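Visitor: I have a model open on my screen and would like to learn how to read it. Could you take me through it feature by feature?

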Amino acid sequence: MNTFNDLAQKRRSIRKFQDRPIEEEKLNNILKAALMAPSSKRCQPWHFVVVDEQEKLLQMSVCREMGCKFLDGAPLAIIVMADESLSDVWVEDASIAAAYLQLAAEDLGLGSCWIQVRNRMKSENQSTEAYLKEIINAPEHLRIECIIAIGYKAEEKNPFDETRLKWEKITKNNF
Ligand SMILES: Cc1cc2nc3c(=O)[nH]c(=O)nc-3n(C[C@H](O)[C@H](O)[C@H](O)COP(=O)(O)O)c2cc1C
């Protein structure tokens, strides 16, 4: 069993995936973790769109000029959304849930990568968010924070090197 520190150390961004679907049970466990994530006032403003249709993943893989192309080789992606009318801190709520998705995936031996959506542009005239919302027919009030691509790893990455931890970023009692 992974301890939490193992997980945190082992999780790296994986952008190459095997051509192998994710079992329903594993997917449910990953989603369960996100649904247990903390949210401000327990408002749970999120919505998660699970995408496993190849055609849609292909469309999503061009949602930005860079940083998302690998989606065309992912078996699955989860679009992390939240209702901004329910929470003024929906960004934080969605981000925490997204991090839970990534750690749960790692715990199940799967790789994942965050693809930033909010504040990103597909082209000069269209936001990445607007482009994706059309693809999934999302209602106006739901915002998109990110996409988490998930799959069986087709690349190995070293765990985080503990000797490179930036302890200088931590101070005690005072800045
Ligand atoms: C808020 C955020 C946005 C990110 N956006 C992207 C992205 O759009 N595309 C991508 O390939 N990786 C993205 N990443 C992954 C980072 O590049 C990655 O976490 C970082 O380089 C550290 O590498 P590691 O995850 O392997 O430790 C993002 C990560 C975070 C937390």
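Guide: We'll go through the ligand site, some surface and buried residues, the salt bridges and the backbone angles.

Guide: First, the ground rules: this is a predicted model, where local features need pLDDT of at least 70 and side-chain atom pairs count only at pLDDT 80 or more, while totals for chains, interfaces and linings use all residues. Residues are numbered from 1 along each chain as its sequence is written, and side-chain values use heavy atoms, with hydrogens and water left out.

Visitor: Which residues are around the ligand?

Guide: A residue is near a molecule if one of its heavy atoms lies within 4 Å of it. Here the residues around the ligand are Arg11, Arg12, Ser13, Arg15, Arg64, Gly67, Phe70, Cys113, Trp114, Ile115 and Gln116. By type, that shell splits into four nonpolar, three polar and four charged residues. For that split, Ala, Val, Leu, Ile, Met, Phe, Trp, Tyr, Cys and Pro count as nonpolar, Asp, Glu, Lys and Arg as charged, and the others, Gly among them, as polar.

Visitor: And which N or O atoms of Arg12, Ser13 and Gly67 pair with the ligand, side chain or backbone?

Guide: The idea to use is the polar contact, a pair of N or O atoms within 3.5 Å; within protein, one must be able to donate a hydrogen and the other to accept it, and residues adjacent in sequence count only if both atoms are side-chain atoms. The side chain of Ser13 has an N or O atom 2.6 Å from an oxygen atom of the ligand. For the side chain of Arg12, the distance from an N or O atom to a ligand oxygen is 2.8 Å. With Gly67 it is a backbone N or O atom, 2.9 Å from a nitrogen atom of the ligand. On its own the ligand has 620 Å² of accessible area, and the protein covers 60% of that. Such areas come from the Shrake-Rupley method with a 1.4 Å probe; for residues, only the protein chains shown count as cover.

Visitor: Where is the nonpolar patch on the surface?

Guide: Patches are made of residues with over 30% relative accessible area and no salt bridge: like charges are joined within 9 Å, nonpolar side chains (Val, Leu, Ile, Met, Phe, Trp, Tyr) within 5 Å. In this model, Phe160, Leu165, Trp167 and Ile170 form one, with about 440 Å² of accessible area together. Leu165 sits in the segment after strand E4 (142-151). Helices (H or I, at least four residues) and strands (E, at least two) are DSSP runs, numbered from the N terminus.

Visitor: Are Leu165 and Phe17 buried or exposed?

Guide: Buried means under 20% relative accessible area, exposed over 50%, and partly exposed in between (1.4 Å probe, protein chains only). Leu165 is partly exposed at 32%, whereas Phe17 is buried at 11%. You'll find Phe17 in the loop between helix H1 (4-10) and helix H2 (24-35). The C-alpha atoms of Phe17 and Ile150 are 8.0 Å apart, with their positions 133 residues apart along the chain.

Visitor: How many salt bridges does a search of the whole structure find?

Guide: Side chains of opposite charge can pair when their charged atoms come close. The cut-off is a side-chain nitrogen of Lys or Arg within 4 Å of a carboxyl oxygen of Asp or Glu. The search turns up seven. One of them joins Lys69 and Asp72 at 2.3 Å, N to O; Lys69 is exposed at 52%, and Asp72 is partly exposed at 27%. Another pairs Glu106 with Lys153 at 3.1 Å, N to O. That pair links distant parts of the chain, with Glu106 in helix H4 (residues 90-107) and Lys153 in the segment after E4, 47 residues apart. Glu106 is buried, at 4% relative accessible area. Glu84, Glu129 and Arg143 are joined into one network by salt bridges that share partners.

Visitor: What joins the side chains of Glu145 and Arg118?

Guide: A polar contact of 2.8 Å. Glu145 belongs to strand E4 and is buried, at 3% relative accessibility.

Visitor: Last one: which residues have a positive phi although they are not glycine?

Guide: Most residues other than glycine have a negative phi. Lys41 has a positive phi of about 55°, and Gln44 has one of about 45°. Lys41 lies in the loop between H2 and strand E1 (46-51), and Gln44 is in the loop between H2 and E1 as well. Lys41 is exposed at 80%, while Gln44 is partly exposed at 35%.
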